[in-house]
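Colleague: May I request a close look at a single part of this model? I would value one connected account of what it touches and how far the prediction can be trusted.

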Amino acid sequence: MPKISSDTIWEQAAAEVHSREAEGGEEDAGETLGERTVFLMGSKSGGKTSILLRCLDRDEPSKPTLALEYTFGRRARGHNIPKDIAHLWELGGGTSLSDLVQIPITAASIRSLSVILILDLSKPNALWGTMEKLLQAAQDQLEKVSSQAQQAQKAKHQPAVHLAARLLPKDYPDRELISPFPVPLLIIGSKYDIFQVFDSDKKKVVCKTLRFVAHYYAASLIFTSIKSESLISKTKSFFSHLAFGLDRGKTVSCDSSKPLVIPAGSDSFSQIGSPHTTDVDITSLHAKNPKDLWKKVYERVFPQENTGEQRELKDPARDPQYSEPQIDAMRAQKDQELDQYKRNAAKSWKGLELET
């Protein structure tokens with residue numbers, strides 16, 4: 001006869017949670033409760049907020065993201081089952097605030113973290129620079145917190161977990177030639193409605209280059225537009241795959257004359273081919289590696305905007321898109337008063353030096 005437990009359901013549930021925490025440690029508690037973290041970053045004014053709102057089915061106007069913003073999404077799994085929760089961080093300001101990646105990318109979040117990079121297809125002359133700087137900032141932070149986590153585990157005499165060793169299937173295309181991003185990565189090309197009317201050759205350059213970058217990082221790639229319900233629906237599937245673990249669908253489209261939809265592992269270097277060149281002699285380019293070659297070809301076709309010309313303000317209070325006339329006037333007055341105070345203070349110190 002089976003033994004009848006005298007514990008209440010709540011006591012049994014509490015014991016189960018404590019048991020799982022003891023087995024997997026505190027870091028796994030989020031995974032047990034169905035919690036994930038998704039970090040969105042990308043081109044300034046590239047449509048990140050609008051895309052996120054559509055993926056969350058929120059019917060509200062999008063506002064410019066100030067620095068770093070947090071929201072969350074929930075999905076019901078069934079009756080009396082805790083909802084899945086996605087912690088969503090969005091970085092504003094393009095590349096100017098890349099230092100803030102340290103807030104969403106922490107030792108506590110990396111186990112269940114995914115990154116979404118949103119690139120504005122309508123501005124190809126800023127695309128590579130934005131992509132390169134933001135991915136490097138995220139990768140540096142991921143490696144930093146991974147190293148810290150490993151050191152902490154060694155101190156506790158626990159087996160180290162190597163974040164960088166993101167395991168890919170043995171049959172993953174070009175497995176030995178690529179450099180997988182440390183966590184799942186989704187690259188979204190936004191404003192496809194504008195991009196689709198570009199010159200055919202230029203579209204091929206952008207498409208092949210992004211296909212190469214996505215495959216090199218073992219990332220998924222999709223083009224979208226908030227003006228297309230069909231494209232937003234496909235984008236939402238990729239987003240829900242990262243945020244809630246849902247199926248992202250099996251659609252694949254590699255045709256540069258159509259919106260790209262390429263799940264990670266669906267492309268290969270042989271399918272992508274060599275960089276699309278018309279007026280560029282590849283042999284004249286002194287590239288250090290394949291990625292550098294693609295960069296040089298891309299920048300020949302789309303010279304990247306001079307960082308001096310596109311210097312983005314580190315201080316959002318001085319950014320025109322956040323202007324508030326009354327507050328700005330008061331700020332200007334206070335700045336003048338501060339300058340006057342500094343000048344007076346400097347004179348006072350000089351007077352003291354002369355007296356001594």
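Modeller: Helices (H or I, at least four residues) and strands (E, at least two) are DSSP runs, numbered from the N terminus. I take helix α6, which spans residues 200-216. The model is predicted, so local features need pLDDT (the predictor's confidence in each residue, from 0 to 100) of at least 70 and side-chain atom pairs count only at 80 or more, whereas totals for chains, interfaces and linings use all residues. Residues are numbered from 1 along each chain as its sequence is written, and side-chain values use heavy atoms, without hydrogens or water.

Confidence comes first. The protein chain has a mean pLDDT of 83, with 78% of its residues at 70 or more. Residues 1-6 fall below 50, and this stretch has 1 contact (heavy atoms within 4.5 Å) beyond near neighbours in sequence. Residues 20-32 are also below 50, but that stretch has 9 contacts beyond near neighbours in sequence.

One neighbour of α6 is helix α4, residues 127-155. The axes (lines fitted to C-alpha atoms over the stretch in contact, with angles from 0 to 180 degrees between N-to-C directions) of these two helices come within 12 Å and cross at roughly 10 degrees. The crossing angle therefore makes α4 roughly parallel to α6, a label given to angles under 35 degrees. On the α6 side the contact is formed by V206, T209, L210 and V213, which meet L127, W128 and M131 of α4. By class, this contact has 6 nonpolar residues (Ala, Val, Leu, Ile, Met, Phe, Trp, Tyr, Cys or Pro), 1 polar residue and no charged ones; Asp, Glu, Lys and Arg count as charged and the others, Gly among them, as polar.

Helix α4 also packs against helix α9, residues 290-301, at an angle of about 150 degrees with the axes 10 Å apart. The two helices are therefore roughly antiparallel, the label for angles over 145 degrees. L127 and W128 take part here as well as in the contact with α6. Together with E132 they meet K291, W294, K295, Y298 and E299 of α9. This contact holds 4 nonpolar and 4 charged residues, with no polar ones.

S256 belongs to the loop between α7 (229-244) and β7 (261-262). Leaving aside neighbours within four places in sequence, S256 is in contact with K203, K204 and C207. S256 also lies 9.4 Å from Q196, C-alpha to C-alpha, although 60 residues separate the two in sequence.

Helix α6 further borders an enclosed space. A cavity is a set of points, on a 1 Å grid over the protein atoms alone, where a 1.4 Å probe fits but cannot get out; lining residues have an atom within 4 Å of a point. The whole structure has 3 cavities of 30 Å³ or more. The second largest contains about 60 Å³ of space, a volume being the space filled by probe spheres on points joined across faces, edges and corners. Helix α6 contributes the largest share of this cavity's lining, 3 residues. The lining includes Y172, R211, A214, H215, A219 and L221, along with the run I262, P263, A264, G265, S266 and D267. By class, the lining comprises 7 nonpolar, 3 polar and 2 charged residues.

Methods. 1 Å grid on protein atoms, 1.4 Å probe; cavity = no way out; pocket = protein on both sides within 12 Å on 5 of 7 lines; lining within 4 Å. Parallel < 35°, antiparallel > 145°, perpendicular 65-115°, else oblique.
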